[in-house]
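Got the viewer open? Grab your mouse and follow along, one selection at a time.

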Amino acid sequence: MARSLRTPKADRQPIDIGWVECVDLPDLGLAKIKAKIDTGAATSSIHATRVKPVTVDGQLIVEFWFRAHRGEPARKYRAPGVEQRSVKSSNGAIELRYVIETTMVLGSVRWKGHMTLANRNTMTFPILIGRRALRRGFRVDCRRKWTLGLPEETDR
């Protein structure tokens, strides 16, 4: 069943979401990836290892390895690179990270946005959705989770 996607500004009624939701990254072929919703982070982030910048036809492309779901092997992905940016990590350290641009889908909202590539190996969720993404029309209820649908895995 196809779902109806709205543009970020088409409807001003906010979408209620919980502190954990599933996000799709269709440009990378990824669907229903568990993501923590983090109003304290400015930029969204995706777990990445073996990050390698390459130039293709004069454009920055960033290769990285990512494991979509627990128990699956990591796979190599490529995305357009935007820049390298200094980011303060959750432990307060300043890290230089690559930023990629990709399409994100959360509920009925689809947009092109930026994600930093970070080693989130010690984190519970491989993706973090930050404030810049949330301003597209979401209202976070920290008492709830999976308001947009349960993940396919049984280990919630």
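A quick word first: in this tour, a residue is called buried when its relative accessible area is under 20%, exposed when that figure is over 50%, and partly exposed in between. Keep in mind that you are looking at a predicted model.

**Stop 1: Thr43**

Select Thr43, in the loop between β3 (30–37) and β4 (44–47). Is Thr43 buried or exposed? Its relative accessibility is 16%, and buried means under 20%, so Thr43 counts as buried. Now show side chains around this spot. The Thr43 side chain makes a polar contact with the side chain of Arg132 at 2.5 Å, and another with the side chain of Arg85 at 3.3 Å. Leaving out residues up to four places away in sequence, Thr43 touches Arg85, His114, Thr116, Leu128, Gly130 and Arg132.

**Stop 2: Thr102 and Gly113**

Next, pick Thr102 in strand β8 (residues 94–106). With 0% relative accessibility, Thr102 is buried. Which residues does Thr102 touch, not counting those up to four places away in sequence? Light up Leu25, Asp27, Leu28, Trp111, Lys112, Gly113 and Met115.

Stay with one of these, Gly113, which sits in strand β9. Gly113 is buried as well, at 8% relative accessibility. Draw a line between the C-alpha atoms of Gly113 and Thr102: they are 5.7 Å apart in space, while the two residues are 11 apart in sequence. Setting aside neighbours within four places in sequence, the contacts of Gly113 are Ile100, Glu101, Thr102 and Met104.

**Stop 3: the aromatic rings**

Time to look at rings. A pair of aromatic rings is described by how far apart the centres are and by the angle of the planes. How many aromatic pairs are there in this model? The count comes to 4.

Start with Trp19 and Phe125: their ring centres are 5.9 Å apart and their planes stand at 85 degrees, so this pair is edge-to-face. Trp19 is in the loop between β1 (15–18) and β2 (20–25), and Phe125 is in the loop between β9 (109–118) and β10 (127–129), so the pair ties together parts 106 residues apart in sequence. Turn on a surface and compare the two partners. Trp19 is partly exposed, at 31% relative accessible area, whereas Phe125 is buried, at 13%.

Then move on to Phe66 and Tyr77, an edge-to-face pair with 6.1 Å from centre to centre and 70 degrees between the planes. Phe66 belongs to strand β6 (residues 59–66) and Tyr77 to strand β7 (residues 75–88), so this pair joins parts that lie 11 residues apart in sequence. Both Phe66 and Tyr77 are buried. Add Phe64 to your selection, and you have a cluster: ring pairs link Phe64, Phe66 and Tyr77.

One more ring before we go on. Select Trp65 and Arg50, and look at how the charged end of Arg50 sits over the Trp65 ring, 3.9 Å from the ring's centre.

**Stop 4: salt bridges**

How many salt bridges does the model have? There are 6, and we'll visit some of them.

Begin with Asp16 and Arg139, whose side chains meet in a salt bridge at 2.6 Å, N to O. Asp16 is in strand β1 and Arg139 in strand β11 (residues 138–141), so to speak two distant parts of the chain, 123 residues apart. Asp16 counts as partly exposed, at 36% relative accessibility, and Arg139 is partly exposed too, at 44%.

Now select Arg78 and Glu63, where the side chains form a salt bridge at 3.6 Å, N to O. Arg78 lies in strand β7 and Glu63 in strand β6, so the pair ties together parts 15 residues apart in sequence. Which of these two is buried and which is partly exposed? Arg78 is partly exposed, with a relative accessible area of 45%, but Glu63 is buried at 12% relative accessibility.

Finish with Asp141 and Arg143, a salt bridge whose closest N and O atoms are 3.0 Å apart. Colour the partners by accessibility here: Asp141 is buried, at 17% relative accessible area, while Arg143 is exposed, at 73%.

Key:
Residues are numbered from 1 along each chain as its sequence is written. This is a predicted model: local features need pLDDT of at least 70, side-chain atom pairs count only at pLDDT 80 or more; totals for chains, interfaces and linings use all residues. Side-chain values use heavy atoms; hydrogens and water are left out. Rings of Phe, Tyr and Trp (its six-membered ring) pair if their centres lie within 6.5 Å; planes under 30 degrees apart count as stacked, over 60 as edge-to-face and the rest as tilted. Helices (H or I, at least four residues) and strands (E, at least two) are DSSP runs, numbered from the N terminus. Buried means under 20% relative accessible area, exposed over 50%, partly exposed in between (1.4 Å probe, protein chains only). A charge sits over a ring if NZ of Lys or CZ of Arg is within 6 Å of the ring centre and within 35 degrees of the ring normal. A polar contact is a pair of N or O atoms within 3.5 Å; within protein, one must be able to donate a hydrogen and the other to accept it, and residues adjacent in sequence count only if both atoms are side-chain atoms. Contact means heavy atoms within 4.5 Å. A salt bridge is a side-chain nitrogen of Lys or Arg within 4 Å of a carboxyl oxygen of Asp or Glu.
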